[in-house]
Amino acid sequence: MTAALKVIQIGPAAAFQDLGRPGYIASGLTRGGAIDTLAVHEGAALLKQSPDCAVLEIASVGGVFEATAPLRIALTGADMTARIDDASAAWNAAHRMEAGQRLTIGAARSGSYAYLHIGGGFDAPVRMGARGGHMSAGLGKLIAKGDTLPALPDTGTRTGYYLPRDKRFDGGTVRIVPSVQTNHFPPEERARFEATSFKRDPRANRQGIRMEHDGTGFAAQGMRTIVSEVIVQGDIQITGDGTPFVLMCESQTTGGYPRIGTVIPADLPRMAQTPAGGQITFQFITLEEAVTIQQQDAKARAGLAAKAQPLVRDINDISDLLSYQLVSGAISAQADPFE
Amino acid sequence: MSNTYPTIHTVGLSGVLVTFAEALDDTANRAALAFRAAVDAQGWDWVHESATSLISAFFRTDLAQHSAASITEQLTDLLATRDWFAAPLPEGRKLWHIPAVFGGDLAPQLDEAAEAAGLSPQDAVAELTSTRMRVITIGFAPGQPYLGTLGEHWNIPRLGTLSPNIPRGALVAAVRQLCLFSNDTPTGWRHVGQTAFHTFRPTSETPFPLSPGDELLFHATTPADYNTIAANNADGAGGATWEALP
């Protein structure tokens, strides 16, 4: 029997994702895919499977999922409360579920997007070469209560591993490189941009993240209207009222607002995960510096599987703690236990 | 910043943009299309995908793996090989015939667009159905074509406030261009016609029917005929036909 998760309850914004659908920019379709691709790689590393496996991307609130057969899951990205039946389940970790067990994922404690991975990957429909949803283009759909989320055959066995969490879930400094119109912003305007503390607008979504700040808007100079041209994920457009808007994975393919800079790919997960109201500052680096950072980031992603550690159960998570024989065998502090 | 075109710019670490003019211009549009085709024909391994917009060509790559300096040098050398502004239109173009309703409840901003262009609604429709409009770019939304170019009197500005929800298949006008919407969308362009033509057909073998260089001729139809077409539109063709252009 194919393993699956039955959706008993689900939050308002959960959908299948993967690493996206490249190759369609010329036709007006951006790559899409998971907004936090690092979390996809982390889940793949925990389950020792390909990062191309489809995952469930969950914004804001999770849901309740029942296993139809023994299966493996991993939980990555925004830290949400999680239980398997009555036992709490560690985040950024892989777990085994038995048939009939229920996984309950609550609200985010930090970050914005959580990921539920399944051993073998979800058997989401392949459309135009990928399984990920692209909601603004009408590809894929939100997961609904009553859906069954089938897994592809799982050849792996590893569970009970975790990865240390990084600090990308609470805002911070995001590095940017110069973009097509950067030089049209006077040096003092760019310096003010770097010195400004921005707040993530709560209306942010997979298309883009508007950044709020106190003070006057930012403006390019000496430019006539820009003829619409290709825009890429991470580009920071300065919209008509001088507000920065960071383009994300499901943006349009072209735009005509001046771009002050572009977030480097290695910092897009931080950009994606910064919660509503979280603080961000932008820091210009050179293209050469960015290249070095990106090469290190690619190595770090490739090394994630080796970084995974066996999960040591926290005694607070063991619901039947009192039934364990915790003291037998402990004889005396002086005795040599190996004797 | 160079004052001479074409220019080459990196776009984040995701690619390079070659821009052929400062403002929208037909020869620059042809140059962008021809240069993209020429780069694709080179088979360079750093080109992960390519695209054109109105007057620029974009080549996606990973600049952490491929040096921007050597990419720029290759592109500069190729740019120097010919006069891209004199390039012909792409091969394999199609002429599409697409039924559309102009004005009335289905396209309620025809009258004000006509007035802005200094025409009677009847004359506006006559021009919109006799001008062969060329796809100058596909973009913004999946499969969505920007069509040029209407006469100078059609250089009507976008509206100051957005119309909240113009439907898929809408034919909208602004700044001497028409656009045929892929999806329901808010817009500042004026809604002058309505078609049942789907520019993005995700389950089809050819999800994107239109290509840059294709020409579109709209044929005025009645609301009753439009409703019949829309009700029998499983393939998304919206009653359109096409013929090959020489």
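Is A:Asp267 buried or exposed? A:Asp267 counts as buried, at 5% relative accessibility. The legends below take up this residue and other sites in a predicted model.

**Figure 1. A salt bridge links A:Arg175 and A:Asp267.** The two side chains meet at 2.8 Å, N to O. The pair connects distant parts of chain A, 92 residues apart. A:Arg175 sits in strand β11 (residues 172–177). A:Asp267 belongs to the loop between β18 (259–263) and α3 (268–273). Burial differs between the partners: A:Asp267 is buried at 5% relative accessibility, whereas A:Arg175 is partly exposed, with a relative accessible area of 26%. In general, side chains of opposite charge can pair when their charged atoms come close. Over all chains, the structure holds 27 salt bridges.

**Figure 2. A:Glu189 pairs with A:Arg192 within one helix.** The closest N and O atoms of this salt bridge are 3.1 Å apart. Both residues lie in helix α2 (residues 187–195) of chain A. They are three residues apart, about one turn of the helix. A:Glu189 counts as buried, at 14% relative accessibility. A:Arg192 is partly exposed, and its relative accessible area is 27%.

**Figure 3. A salt-bridge network takes in four residues of chain A.** Shared partners join A:Asp36, A:Glu42, A:Asp166 and A:Arg168 into one network. Within this network, A:Arg168 bridges to A:Asp166, with the closest N and O atoms 2.9 Å apart. A:Arg168 is buried, at 4% relative accessibility. A:Asp166 is partly exposed, at a relative accessible area of 34%.

**Figure 4. Strand β9 of chain B is mostly covered.** The strand spans residues 170–174, and five of its five residues are buried. B:Ala170, B:Val172 and B:Ala174 point one way. B:Leu171 and B:Ala173 point the other way. What pairs with this strand? Four bridges join β9(B) to strand β12 (residues 190–194) of chain B, and the two run antiparallel. Here B:Leu171 stands opposite B:Gly193. Another four bridges join β9(B) to strand β10 (residues 177–180) of chain B, again antiparallel. In this pairing B:Ala173 faces B:Leu178 as its opposite residue. The hairpin of β9(B) and β10(B) has two residues between the strands. In that hairpin, B:Val175 takes a positive phi near 40°.

**Figure 5. The largest nonpolar core holds 45 residues.** B:Phe20, B:Phe35, B:Phe59, B:Leu75 and B:Trp84 touch the most other members. Chain B supplies at least two residues from each of β2 (15–19), α1 (26–42), β4 (56–60), α2 (68–79) and β9. From chain A, α4 also supplies at least two. The largest share, seven residues, comes from α1(B). As a general tendency in soluble globular proteins, nonpolar side chains are buried together.

**Figure 6. The second largest pocket has residues of chains A and B closest to its centre.** About 1,100 Å³ of space lies in this pocket. Its lining counts 40 residues. Closest to the centre are A:Arg31, A:Gln233, A:Pro265, B:Ser14 and B:Arg60. In chain A, α1 (37–47), β18, α3 and α4 (287–302) each give two or more residues to the lining. The most come from α4(A), with five residues. By class, the lining has 19 nonpolar, 14 polar and seven charged residues.

**Figure 7. The largest cavity is lined by residues of chain A.** The count comes to one cavity of 30 Å³ or more. The largest cavity has a volume of about 50 Å³. Its lining is made up of A:Val40, A:Gly43, A:Ala44, A:Gln49, A:Ser50, A:Pro51, A:Cys53, A:Ala54, A:Val55, A:His117 and A:Ile118. Two elements of chain A, α1 and β8 (102–118), give two or more residues to this lining. The largest share, three residues, is that of α1(A). By class, the lining has seven nonpolar and four polar residues, and no charged ones.

Definitions and conventions. Residues are numbered from 1 along each chain as its sequence is written. Chains are lettered from A and ligands numbered from 1 in the order in which they are written. This is a predicted model: local features need pLDDT of at least 70, side-chain atom pairs count only at pLDDT 80 or more; totals for chains, interfaces and linings use all residues. Side-chain values use heavy atoms; hydrogens and water are left out. Buried means under 20% relative accessible area, exposed over 50%, partly exposed in between (1.4 Å probe, protein chains only). Two strands pair if DSSP finds at least two bridges between them. On a 1 Å grid over the protein atoms alone, a cavity is a set of points where a 1.4 Å probe fits but cannot get out, and a pocket is an open set with protein on both sides within 12 Å along at least five of seven lines; lining residues have an atom within 4 Å of a point. Grid points are joined across faces, edges and corners, and a volume is the space filled by probe spheres set on the points. Ala, Val, Leu, Ile, Met, Phe, Trp, Tyr, Cys and Pro count as nonpolar, Asp, Glu, Lys and Arg as charged, and the others, Gly among them, as polar. A nonpolar core is a set of buried Ala, Val, Leu, Ile, Met, Phe, Trp, Tyr and Cys residues joined through side-chain atoms within 4.5 Å.
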